[in-house]
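Student: Please choose a single part of this structure and describe it closely. I should like to follow how its pieces fit together.

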Amino acid sequence: MRQQLRWIANDTIEFSAIVAIVRGCKMILYNANNSPARQQSDIMHELAHILCEHKGDCLQLNSDISLRVHNAGHEQEAKWLGAALQIPEQGIFEHVRAGRSSEEIAQIYGASLPMVIYRRRILAIDRRISYLKQVR
Ligand SMILES: [Zn+2]
């Protein structure tokens with residue numbers, strides 16, 4: 001079984017991460033060939049599926065292992081929560097307000113630069129900070 005899990009996690013083309021249920025225990029399988037920032041993002045995404053208790057459709061690999069396949073609604077929730085787990089709103093807000101660059105923030109959270117830019121944009125961080133500067 002260890003060999004099968006290793007195959008799923010490392011040798012599957014375009015594989016990022018997935019929740020597998022192995023003998024009743026949830027496990028996050030991720031592709032260790034991706035960059036550390038990408039791995040962390042993928043793990044947070046899968047953790048979000050677990051926290052949201054997304055059941056998904058179970059793809060039975062064999063008697064011991066099944067994989068979860070999620071619908072588009074679940075994917076949106078996991079995308080949002082996974083990103084929030086990786087880069088919390090209050091944290092990015094304070095770092096930007098302190099004048100740190102997106103590159104520095106990426107370093108702090110072990111995240112990719114596109115993830116930091118996504119969080120800055122979707123949370124309107126820069127707009128909110130410039131508004132705070134205007135009202136003071
Ligand atoms: Zn997903």
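Tutor: Let us begin with one pair of residues: valine 22 has isoleucine 65, in strand E4, as its bridge partner. The model is a predicted one, in which local features need pLDDT of at least 70 and side-chain atom pairs count only at pLDDT 80 or more, while totals for chains, interfaces and linings use all residues. Residues are numbered from 1 along each chain as its sequence is written.

The pair of residues leads to the two strands around it. Strand E1 covers residues 17-22 and strand E4 covers residues 65-69; E1 and E4 are joined by 3 bridges in the antiparallel sense. Strands here are DSSP runs of E with at least two residues, helices are runs of H or I with at least four, and both are numbered from the N terminus. Two strands pair if DSSP finds at least two bridges between them.

E1 and E4 belong to an open sheet of 4 strands, and its order is E2-E1-E4-E3. The pairing in this sheet is antiparallel. At its edges are strand E2 (25-30) and strand E3 (57-60), each of which pairs on one side only. From one strand to the next, the twist averages 35°.

A helix completes the picture. Helix H2, residues 36-51, lies across E1, E2 and E4, where contact requires C-beta atoms, placed from the backbone, within 7 Å. H2 runs at about 50° to E1. Such angles run from 0 to 180 degrees between N-to-C directions, with axes fitted to C-alpha atoms, for helices over the stretch in contact.

Notes:
Two residues are in contact if their C-beta atoms, placed from the backbone, lie within 7 Å.
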